[in-house]
Amino acid sequence: MPLPLDGVLVVACEQAVAAPLATRHLADLGARVIKIERPGRGDFARDYDTVVGGLSSHFVWLNRGKESVTLDLKDPDALADLQRIVDKADVFVQNFAPGAAERLGLGADELRREHPRLVHCSISGYGSAGPYRDAKAYDLLIQAETGLVTMTGTPEHPAKAGIPAADIGAGMYAFSGILAALHERERTGEGTALEVSLFDALSEWMGFPLTYAAGAGRAPQRAGTSHPAIAPYGTFTAGDGAEVVLAIQNEREWVRFCAEVLGDEAIATDARFATGSARLEHRDELHAAIGRVFGSLDGEAVVARLVAAGIAHARQRDLVGDEGVLTHPQHLARDRWRTVGSPGGEVPALVPPIGLPGRPLRMGPIPDVGEHTDAVLSEFRKT
């Protein structure tokens, strides 16, 4: 059975994270994605590290199922080759520096004038206008400018998120925007131009703290794994060092937690802890009371009590080790790991989160730089 995007041709002048993430999802859904790279080393994300069989972990994550074509777009002949490919495309994605696509004749206005059915998607750091238009826009910088760094970490130490949150946000909005534009084209016959910026994407993800700040006149408190408005909520340590995360969000669960997990129902009615606001005000004392009980038990016993009482909880897992995310029982039980080919051999890959019953998504190999140049150029020069 065909995949939803079988027959859709995507041409991507892309590098780094945001645009490649969007197009990898399109490839997983069946689209043919032709990735245009610089001659030589190609996408600079290929050089971030070499830990996956000599390949970059970022590049392996973001580029399976694509065809790599190397073109020097400063060469008129190479640019003409690209134009021939774009002539047949359904989607064009670019994350050049602001203004570069227009200088190459690849801007939305010019391409859509020639190809009105084309979906043209531009991904940038701050958008195509405004005082930050030409500013460098690496993920950490966007996290800083949108305030995410001030919301992440402990009260004493702000921190960046451990994943490229701005890039991921922009990539996913580009992906969903392209899908919406393709759906609209089915109704109208017309493509469209999309613009997505890392700054806008992460600003949207900051919706809760921004709305809180607008209403309260102050930012929510940075609290590590705790919550600025809910307690108990966060990581607690059992006597054997196991870390267990609690997320108690209603009074019924709080009362049950005190009686069945802490073994002292009087804690629930203690004036310091009887309401959500009181628990926030006395968070240190609350955590100490929980810590005394958890510290007397090992992790398995703590979890057993939480399960028996029906309390929302999780294990705080490392990525590796016997109980790491790589071997998470939920992944294993649902058979979520695959391997895909690459220039460095077989590499692990998680099954994409979009599930289509009876239709496994395409998880093609990781391309070597320029691997498909000759075949693709020969194909499109004939058409």
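Here are a few worked exercises on a predicted model.

**Exercise 1. The parallel sheet**

Task: Find the order of the six strands in the open sheet, and decide which strands stand at the edges.

Solution: Start with the order, which reads E3-E2-E1-E4-E5-E6, with parallel pairing. Now look at the two ends of that order: E3 and E6 each have a single partner strand, so one side of each has no neighbour in the sheet. From one strand to the next, the twist averages 20°.

Next, step to the E5 end of the sheet. Strand E5 (residues 119-124) runs parallel to E6 and is joined to E6 by six bridges. As one example of this pairing, cysteine 121 has leucine 194 in E6 as its bridge partner. Finally, add the helix that packs here: H9 (residues 198-205) touches E5 and E6, and the direction of H9 makes about 65° with that of E6.

**Exercise 2. A serine in E6**

Task: Locate serine 197 and work out whether serine 197 is buried or exposed.

Solution: Serine 197 is found in strand E6, which covers residues 192-197. The relative accessible area of serine 197 is 2%. Buried means under 20%, so serine 197 is buried. To see what surrounds this residue, set aside the neighbours within four places in sequence: serine 197 then contacts Ser124, Gly125, Tyr126, Gly127 and Ala170.

**Exercise 3. A lysine in a loop**

Task: Place lysine 74 in the chain, then classify lysine 74 as buried or exposed.

Solution: Lysine 74 lies in the loop that runs between strand E3 (66-70) and helix H3 (76-87). The relative accessibility of lysine 74 is 80%. Since exposed means over 50%, lysine 74 counts as exposed. For a sense of scale, pick alanine 213 as a second point: 139 residues separate lysine 74 from alanine 213 in sequence, and their C-alpha atoms are 47 Å apart in space.

**Exercise 4. Two helices that pack**

Task: Describe how H1 and H8 are oriented, and name the residues through which they meet.

Solution: Take the geometry as the starting point. H1 (residues 18-28) and H8 (residues 165-188) pack at an angle of about 40°, and their axes are 7 Å apart. That angle is neither under 35 degrees nor in the range 65 to 115, so the two helices are oblique to each other. The crossing of H1 past H8 is right-handed.

Turn to the contact itself. H1 contributes Ala18, Leu21, Ala22, His25 and Leu26, while H8 contributes Asp167, Ile168, Ala170, Gly171, Met172, Ala174, Phe175, Ile178 and Leu179. Sorted by class, this contact holds 11 nonpolar, two polar and one charged residues. The spacing on a helix is worth recalling here: an α-helix has 3.6 residues a turn, so residues three or four places apart point the same way.

As a last step, check how covered H1 is. In H1, 11 of 11 residues are buried, including Arg24 and Asp28. After H1 comes glycine 30, with a positive phi near 110°.

**Exercise 5. The antiparallel sheet**

Task: Work out the strand order of the three-stranded open sheet and find the helix that lies across E7 and E8.

Solution: The order is E7-E8-E9, with antiparallel pairing. E7 (233-237) and E9 (313-315) each have a single partner strand, so they stand at the edges. The twist averages 25° from one strand to the next. Now zoom in on one pair: E8 (residues 243-247) and E9 are antiparallel over three bridges, and valine 244 stands opposite arginine 315 in E9. The helix is H14 (residues 283-295), which runs at about 40° to E7.

Notes
Residues numbered from 1 in each chain as written. Predicted model: local features only at pLDDT ≥ 70, side-chain atom pairs only at ≥ 80, totals over all residues. Heavy atoms only, no water. Axes fitted to C-alpha atoms, helices over the stretch in contact; angles between N-to-C directions. Helix = DSSP H or I, 4+ residues; strand = E, 2+ residues; numbered from the N terminus. Parallel < 35°, antiparallel > 145°, perpendicular 65-115°, else oblique. Left-handed = near helix turned anticlockwise from the far one by under 90°. Contact = heavy atoms within 4.5 Å. Nonpolar A, V, L, I, M, F, W, Y, C, P; charged D, E, K, R; others polar. Pairing = 2+ DSSP bridges. Buried < 20%, exposed > 50% of the residue type's maximum accessible area, 1.4 Å probe, protein only.
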